[in-house]
Amino acid sequence: MADECVCNRVVCTYDPDFGCGLAPTPQEQKLRPHFIIRSSYGNDSIALIQWAYEQELEGVVVVYSDTGWARKWWQTERVPQAEEWVKSLGFTPVQVKSVGMEAIVKQHKGWPFRLGQFCTDELKIAPMQAWLAAHDPDKRAVILTGVRREESENRKTAPHYRLKSPNDGGRCMVSPLLEFTESRRDELISRAGFVPLDHRSEECRCINAGKEDIKRFDEDDIATIERIETEAGYTSKGKPRVMYRPNKHLGATGIRQIVEWARSARGKYAAPAAMPPDDDDIAEQDEVACQKEGWCG
Ligand code: SF4
């Protein structure tokens, strides 16, 4: 039975039994997104999804990056709850998967750090770009992000939109909540039926995490990180390959000491053995926060 072609590349009559070689499959037709929300299901993501609903946007697909490095409760409770809500709005939730932090630490023979933040590219951007290439090959969808200028110094100059966003495969990217204050954002979250979280999203245990985030790590988090640190071993200079730089954390070396540091009062942590800075540590003095708009906090 003939049907209208929806691939928008050619004017033709599309026969789903035989196809024209260019048209998407019936499943892809169903998914075909007009708007794609990049989501971690943290506060800004929930607010953005609610905003899209209140704007009566249609053809919305919400894409969650399963980094393989989320805190356990986030992946088993928060994400399923949020996906059910997304479906109830008439939107489509999708997950894209990455190889995970452990694999990239092995591949790079070390952990990412601020000036070598390959994690954002490999855990989030590359899997998303592959998904976009498969599901929006002619780049017609608009990408929505929950970036807000109030969030950080780094985001104060973030643009409202990019006509061709390089990290979105050249698609148009818009940040509708750019000027939203935290209280306006929280109003959206409340209307969505969620309670604003008092911490950042936990879809990725972050190499840039501060004390408050690290304090939330439980034994499951600590044991996983410790195992990967142990397996990563030492650099050629004899430095342990650890997730958090000792010279940034009063000498705390390895995740168990890092957690002790996080639980200590400011400036009061005393490491069992102080680590002298090396060249990498000095370079990191000029650190910059994550520059990838809307991908990482
Ligand atoms: S959240 Fe942190 S660890 Fe995860 S990809 Fe972003 S910068 Fe890297």
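Me: What makes a residue count as near the ligand in this predicted model?
Reply: Its C-beta atom, placed from the backbone, must lie within 6 Å of the ligand. Twelve residues surround the ligand. The closest are Cys119, Thr120, Cys204, Cys206 and Cys296.

Me: What makes up the shell around the ligand, by class?
Reply: The shell has eight nonpolar, three polar and one charged residues. Cys counts as nonpolar.

Me: Why is lysine 109 called exposed or buried?
Reply: Exposed means 12 or fewer other C-beta atoms within 10 Å. Lysine 109 has 11, so it is exposed. Its place is in the loop between α4 (101–108) and α5.

Me: Why is leucine 250 put in its exposure class?
Reply: Buried needs 20 or more C-beta neighbours, and exposed needs 12 or fewer. Leucine 250 has 19 inside 10 Å, so it counts as partly exposed. Leucine 250 sits in the loop between α8 (219–232) and α9 (255–263).

Me: What makes the phi of lysine 109 worth a note?
Reply: Most residues other than glycine have a negative phi. Lysine 109 is not a glycine, yet its phi is positive, about 55°. Leucine 250 also has a positive phi of about 55° and is not a glycine.

Me: How do you know which residues isoleucine 37 is in contact with?
Reply: Contact requires C-beta atoms within 7 Å. Leaving aside neighbours within four places in sequence, isoleucine 37 is in contact with Leu48, Ile49, Ala52, Val60, Val62, Val63 and Leu144. In the largest nonpolar core, of 32 residues, Ile37 is one of those that touch the most other members. Apart from that core lies another, of 23 residues, among them Phe217 and Tyr244.

Key:
Residues numbered from 1 in each chain as written. Predicted model: local features only at pLDDT ≥ 70, side-chain atom pairs only at ≥ 80, totals over all residues. Core = buried A, V, L, I, M, F, W, Y, C linked by C-beta atoms within 7 Å. Contact = placed C-beta atoms within 7 Å. Helix = DSSP H or I, 4+ residues; strand = E, 2+ residues; numbered from the N terminus.
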